[in-house]
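Trainee: I'm new to this one and would like a close look at a single part of it. Could you pick a sheet, walk me through it slowly, and then show me what lies around it?

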Amino acid sequence: MTAQIRTQQFVRQIAFVPGSVQTIEIPRMADVETLILDFSGTLTYPAGATGALKSLSAQGLIQRVELICDGKITVLSAPGWVFGVASDRTFGGSGGGETTMTEPAANAAGVWSSQMYIDLMQFDGYRPKDSNLRVRNFSIVELKITFGTWSDVFVNPASTPTVFAGTLAVDANLCTEADPETSKPKFMVKRTSQIIDATNSNSNYQINLPAGNAIRSIKFLTHINGVATNSIIDSMTVSNGIDTRVQGTARSFRNRVQGFKPLLVGLNEIDFARQTRVGVLASNAWSVPSPSQPVLTLRFTGQANARIEMVVTEYVGA
């Protein structure tokens with residue numbers, strides 16, 4: 001077997017500025033396995049302010065994470081929660097992103113802390129290196145972070161901090177092949193997202209899924225004005241013509257996932273490959289031929305200010 005050298009490297013630290021978009025250049029000397037985001041800071045609430053946190057707390061301040069190669073190839077574009085509270089690493093007692101933030105209290109100091117894992121490989125596979133992102137073929141690789149505003153975190157806007165200081169630190173796990181020509185990655189992990197307005201009920205809401213690659217999973221976050229709830233999605237079906245891959249109630253899918261890992265309120269997942277807690281084969285993902293049109297059909301109950309956020313993970317052949 002070809003030798004591999006794994007290195008861990010600090011990349012860069014940036015300041016948190018609400019509503020800003022900041023770009024971090026990623027080193028290109030080795031294949032990227034994981035980018036680790038550590039988001040933390042301190043804040044002070046104004047005198048007399050009260051309020052409550054939305055469900056994602058600190059991770060709600062990471063509106064979007066994008067990884068773009070050569071300025072045009074988008075490897076991933078997804079909200080921060082999918083790399084934290086819904087990370088593939090989140091198994092009970094064995095790691096996964098955490099997020100904390102002090103509840104609003106008048107004229108009091110608070111802190112926040114959150115960790116997110118951007119796995120650019122099939123983290124839970126037998127041979128994770130088969131899907132490392134080979135960045136040496138690109139002239140530039142950029143991680144773009146879109147920060148949210150305090151209204152993304154607090155139910156009561158009056159609890160907006162008057163003083164705050166936060167940072168986002170990025171570290172990387174890298175892999176160097178001793179002979180890269182004999183051990184090339186076999187596929188790349190890609191993530192894309194979509195937000196659905198669920199203010200009105202719909203018994204047959206259809207979403208076209210990507211074709212031509214292998215679909216690994218679809219993750220969902222459902223919330224009402226930022227407060228997570230399981231009462232929106234009633235059922236989910238995924239099919240490609242007469243090929244119906246999954247069909248059932250939202251509750252049944254939560255039950256399946258909870259056989260492998262804990263789920264917070266509002267989170268759900270369709271995993272096309274997993275049968276046990278460890279050792280997922282990439283070949284078990286749903287390989288969708290092209291041309292074709294796989295479709296996700298949702299039945300959901302509409303509520304005021306309700307949203308369904310979804311993230312699709314694909315395996316793209318090298």
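Mentor: Let's start with a word we'll need all the way through: two strands pair if DSSP finds at least two bridges between them. Keep in mind, too, that this is a predicted model. Strands of a sheet pair through backbone hydrogen bonds, either parallel or antiparallel.

With that in hand, go to strand E14, residues 233–240, and strand E18, residues 295–300. E14 and E18 pair in the antiparallel sense, and six bridges hold that pairing. If you want a spot to put your finger on, take Ile-233, which stands opposite Phe-300 in E18.

Now widen the view. E14 and E18 belong to an open sheet of four strands, and reading across it gives the order E11-E18-E14-E15, with antiparallel pairing. At the edges are strand E11 (202–208) and strand E15 (243–249), each of which pairs on one side only. Going from strand to neighbouring strand in this sheet, the turn is 15° on average, with direction ignored.

A helix belongs in this picture as well. Helix H1, residues 250–257, packs on the sheet and touches both E14 and E15. The direction of H1 makes about 95° with that of E15. While you're looking at that helix, find Arg-256: its charged end sits over the ring of Phe-253, 5.2 Å from the ring's centre. There is another case of this kind to look at, with Arg-274 over the face of Phe-260 at 5.8 Å from the ring centre.

Back in the sheet, one residue of E14 deserves a longer stop, and that's Asn-240. Is Asn-240 buried or exposed? The cut-off for buried is under 20% relative accessible area, and Asn-240 comes in at 16%, so it counts as buried. As for what surrounds the residue, leaving aside residues up to four places away in sequence, Asn-240 touches Trp-286, Val-288, Pro-289, Ser-292, Gln-293 and Pro-294. With Gln-293 there is also a polar contact to point out: the side chain of Asn-240 reaches the backbone nitrogen of Gln-293 at 3.4 Å.

Trp-286, one of the residues touched by Asn-240, gives us a way out of the sheet. Strand E17 covers residues 286–287, and two bridges join this strand to E12 in an antiparallel run. The bridge partner of Ala-214 there is Ser-287.

So what is E12 like? Strand E12 runs over residues 214–224 and is mostly covered, with ten of its eleven residues buried. Besides E17, you can trace these antiparallel partners of E12:

- E19 pairs with E12 over ten bridges, and in that pairing Ile-224 stands opposite Ala-306.
- Strand E16 (residues 267–271) pairs with E12 over five bridges, with Ile-218 opposite Ile-270.
- Strand E13 (residues 227–228) is joined to E12 by two bridges, and here Ile-224 stands opposite Val-227.

The E13 link is a hairpin, with two residues between the strands. In that turn, Asn-225 has a positive phi of about 50°.

E19 then leads on to an aromatic pair. A pair of aromatic rings is described by the distance of the centres and the angle of the planes. In this model the count comes to 13 aromatic pairs. One of them is formed by Phe-187 and Tyr-315, with 4.7 Å from centre to centre and 40° between the planes, which makes it tilted. Phe-187 belongs to strand E10 (residues 187–197) and Tyr-315 to strand E19 (residues 306–317), so the pair ties together parts that are 128 residues apart in sequence. Both of these residues are buried.

For a last stop, try strand E8, residues 141–147, where five of the seven residues are buried. E8 has antiparallel pairings with strand E2 (residues 21–25), over five bridges, and with strand E4 (residues 62–69), over seven bridges. Across from Ile-145 you'll find Gln-22, while Lys-144 faces Glu-66. Phe-147, within the residue range of E8, is also part of a cluster linked by ring pairs, together with Phe-16, Phe-39, Trp-112, Trp-150, Phe-154 and Phe-164.

How values were computed:
Residues are numbered from 1 along each chain as its sequence is written. This is a predicted model: local features need pLDDT of at least 70, side-chain atom pairs count only at pLDDT 80 or more; totals for chains, interfaces and linings use all residues. Side-chain values use heavy atoms; hydrogens and water are left out. Rings of Phe, Tyr and Trp (its six-membered ring) pair if their centres lie within 6.5 Å; planes under 30 degrees apart count as stacked, over 60 as edge-to-face and the rest as tilted. Buried means under 20% relative accessible area, exposed over 50%, partly exposed in between (1.4 Å probe, protein chains only). A charge sits over a ring if NZ of Lys or CZ of Arg is within 6 Å of the ring centre and within 35 degrees of the ring normal. A polar contact is a pair of N or O atoms within 3.5 Å; within protein, one must be able to donate a hydrogen and the other to accept it, and residues adjacent in sequence count only if both atoms are side-chain atoms. Contact means heavy atoms within 4.5 Å. Axes are lines fitted to C-alpha atoms, for helices over the stretch in contact, and angles run from 0 to 180 degrees between N-to-C directions.
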